[in-house]
Amino acid sequence: MPIYEYECASCQAVSTFLILKKDDKARVACKGCGSKKMSQVISRVTYHRAESDRLNEFDPRKPQGEEFYKDSRNVGLWAKKRAKELGADLGPKFDEIVESARTGKILEKYDL
Ligand SMILES: [Zn+2]
């Protein structure tokens, strides 16, 4: 689904929009304050989409090769998959922790 996130320049709220055609983009306005000064947040959506794909393909019962563990994006994948199978909801806090474990140090170092 072409779902995009936009951040409001006035109140910094992030709103999600389904954008199918150019007209939809013109209608983007903050769901919090109604401001039209919105800028697209690309990374989060792209990241989440990619991760859900990885999660679907990931089989925790299959032995993983060395390459799997070299890829920092696979950190936390196993725990997530297991939790999903058990029907546990780890909540957004878990995502945050995994995310900071994956990227925290690198981001600090290079100030991305
Ligand atoms: Zn706003």
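This report describes the fold, the zinc site, the nonpolar core and one helix of a predicted model.

## Overall architecture

The protein chain contains 5 helices and 3 strands, and from the N terminus on these elements follow the order β-β-α-β-α-α-α-α. Of its 112 residues, 24% count as buried. Among the contacts with a separation of 6 or more, 37% are made by residues 24 or more positions apart.

## The β1–β2 hairpin

Strand β1, spanning residues 3–8, pairs with β2 in the antiparallel sense over 5 bridges, and within this pairing E7 has V14 of β2 as its bridge partner. The two strands form a hairpin with 5 residues between them, and Q12, which lies in the turn, has a positive phi of about 65°.

The side chains of β2, residues 14–18, alternate along the strand: S15 and F17 point to one face and are buried, whereas V14, T16 and L18 point to the other face and are not buried.

## The zinc site

The zinc ion is coordinated at 2.3 Å by the SG atoms of C8, C11, C30 and C33. Along the chain these donors follow the spacing C-x2-C-x18-C-x2-C. Distant parts of the chain are linked here by the pair C8 and C30, which are 22 residues apart, with C8 in strand β1 and C30 in the loop between α1 (22–26) and β3 (38–41).

What arrangement do the 4 donor atoms around the zinc ion make? The arrangement is tetrahedral, because the angles that the donor atoms subtend run from 105 to 118°, and four donors count as tetrahedral if all angles lie between 85 and 135 degrees.

## The nonpolar core

The largest nonpolar core has 7 residues, namely Y6, C8, F17, I19, V28, C30 and M38. Two of these core members, C8 and C30, are also donors to the zinc ion, and both cysteines are buried.

F17, another member of this core, is one of the buried residues of β2. Leaving aside residues up to four places away in sequence, F17 touches P2, I3, Y4, Y6, V28, A29, K31 and M38; of these, Y6, V28 and M38 belong to the core as well.

## Helix α4

In helix α4, which covers residues 77–85, the buried residues include L77, K80, K81 and A83. These residues lie on the same side of α4, because they cover an arc of only 165° around the axis. The helix α4 is followed by G87, whose phi is positive, near 75°.

How values were computed:
Residues numbered from 1 in each chain as written. Predicted model: local features only at pLDDT ≥ 70, side-chain atom pairs only at ≥ 80, totals over all residues. Heavy atoms only, no water. Core = buried A, V, L, I, M, F, W, Y, C linked by side-chain atoms within 4.5 Å. Buried < 20%, exposed > 50% of the residue type's maximum accessible area, 1.4 Å probe, protein only. Contact = heavy atoms within 4.5 Å. Helix = DSSP H or I, 4+ residues; strand = E, 2+ residues; numbered from the N terminus. Pairing = 2+ DSSP bridges. Donors = N, O, S within 2.8 Å, 3.2 Å for Na, K, Ca; no water. Tetrahedral: all angles 85-135°; square planar, octahedral: opposite > 155°, others 65-115°. Arc of directions from axis to C-beta.
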